[in-house]
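Trainee: I should like to work through this structure by question and answer. May we begin once it is displayed?

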Amino acid sequence: MEQKTQIQAAEGRQDLIITREFDLPVALLYRAYTEAEIVAQWMGTKVLQLENRQHGGYAFETSDPQGHVLFKAHGTIHDVIPHRLIVRTFEMVQAPIGPQLEFLEFESLDEERSRLTLHIIYRSEAHRAEELKLPFAYGINMAHDRLQEILTTLK
Amino acid sequence: MNLRRDVFQAIADPTRRAILLLLASQSLTAGAIAANFDTARPTVSKHLQILTECELLRQEQTGREIYYHFNAQKMKEVADFLEPFRALWEDRFNKLEAVMQQYKSQK
């Protein structure tokens, strides 16, 4: 199967380019990023704030059923051109990655299809490396939790 | 469990990357490898130890000499390191698309 999502992470650089083509008109793709209720649905997080304008801010938070905060992220919107561009910062709270600058370019391919190009710039190459390692760390933690669960039931 | 991270630390060092490059085309003894670098012999030994520990290199005894071999399979795993990150985004975007398809039909 062809991979719809492509990642460009050239060696020795501190940025990443993520591209994806959607079977969606560009207006819908843009809405997915600008309406709090919709962002909450696909990101699977609570949207505490989303002001889609110059100098606006946004904040996401995800909690487990017991109310423990699992994920918290926030940023500032620098620039918005409807259906074309969002420039913003993003920072995951308590992650070793630090804040990053994001350029989200929305592009119409035809009536029914669109492309998103997400260009992320990190503070340094090392910060980018932390981001790339995160899914591994997460996977390992998950495996570790499973192991813990199994061991607990064996006790 | 730390193995994966160690591999990343291993290839983060320029001397170790140079050693891997050198051994990609030939197997050499520690002495022969050290001869290719200005670095002190014990430093090269330390690098070889780290690369061996995370399985990027394999040691093989031939007579009295120990030869270092490049483990291409392990290197391939490292080359695939972007895959979990890409899969994470693929999954996220698939959800976005599915959610927005509903909005499309609502029109």
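The exchange below treats a predicted model and goes from the sheet to the helices, the cores and the chain contact.

Trainee: In the open sheet of eight strands in chain A, which are the edge strands?

Mentor: The sheet has antiparallel pairing and the order 1-2-8-7-6-5-4-3 in chain A. An edge strand pairs on one side only. The strands concerned are strand 1 and strand 3 (46-50) of chain A.

Trainee: How many bridges join strand 2 of chain A to strand 8 of chain A?

Mentor: Strand 2 (residues 15-22) of chain A pairs with two partners, and on one side four bridges join it to strand 1 (residues 5-8) of chain A, in the antiparallel sense. There A:Ile7 stands opposite A:Ile18. Towards strand 8 (residues 114-121) of chain A, A:Arg20 is opposite A:Leu116. These two strands also run antiparallel, and the number of bridges is eight.

Trainee: Which residues make up the covered face of strand 2 of chain A?

Mentor: Strand 2 of chain A has two faces, and A:Asp15, A:Ile17, A:Thr19 and A:Glu21 belong to the uncovered one. The covered face consists of A:Leu16, A:Ile18, A:Arg20 and A:Phe22.

Trainee: Which residue in the turn between strand 1 and strand 2 of chain A has a positive phi?

Mentor: The two strands form a hairpin with six residues between them. In that turn, a phi of about 80° belongs to A:Gly12.

Trainee: What angle does the direction of helix 2 of chain A make with that of strand 3 of chain A?

Mentor: Two helices of chain A may be considered here. Helix 1 packs on the sheet against strand 2, strand 6 (85-92), strand 7 (100-108) and strand 8 of chain A, and its direction makes about 155° with that of strand 7. Helix 2 of chain A also packs on the sheet, touching strand 3 and strand 4 of chain A. Its angle with strand 3 of chain A is about 145°.

Trainee: Which helix gives the most to the largest nonpolar core?

Mentor: This core has 16 residues, and A:Leu29, A:Ala32 and B:Met100 have the most contacts inside it. Helix 1 (26-34) and helix 2 (36-43) of chain A, together with helix 6 (83-106) of chain B, each supply at least two of its residues. The most, six residues, comes from helix 1 of chain A.

Trainee: Is A:Asp23 buried, partly exposed or exposed?

Mentor: A:Asp23 lies in the loop between strand 2 and helix 1 of chain A. It touches A:Glu112, A:Arg113 and B:Glu97, leaving aside residues up to four places away in sequence. Because 15 other C-beta atoms lie within 10 Å, A:Asp23 is partly exposed.

Trainee: Why do the buried residues of helix 2 of chain B line one face of the helix?

Mentor: In helix 2 (residues 14-24) of chain B, the buried residues are B:Arg16, B:Ile19 and B:Leu23. On the other side of this helix, B:Pro14, B:Leu21 and B:Ala24 are exposed. Seen down the helix axis, the buried residues line one face because they fall within an arc of 55°.

Trainee: Which helix gives the most to the side of chain A that touches chain B?

Mentor: In this contact, 21 residues of chain A meet 19 residues of chain B. The residues on the chain A side divide into 14 nonpolar, three polar and four charged. With six residues, the element that gives the most is helix 3 of chain A.

Technical notes:
Residues numbered from 1 in each chain as written. Chains lettered and ligands numbered in written order. Predicted model: local features only at pLDDT ≥ 70, side-chain atom pairs only at ≥ 80, totals over all residues. Core = buried A, V, L, I, M, F, W, Y, C linked by C-beta atoms within 7 Å. Buried ≥ 20, exposed ≤ 12 C-beta atoms within 10 Å, placed from the backbone. Pairing = 2+ DSSP bridges. Contact = placed C-beta atoms within 7 Å. Nonpolar A, V, L, I, M, F, W, Y, C, P; charged D, E, K, R; others polar. Arc of directions from axis to C-beta. Axes fitted to C-alpha atoms, helices over the stretch in contact; angles between N-to-C directions.
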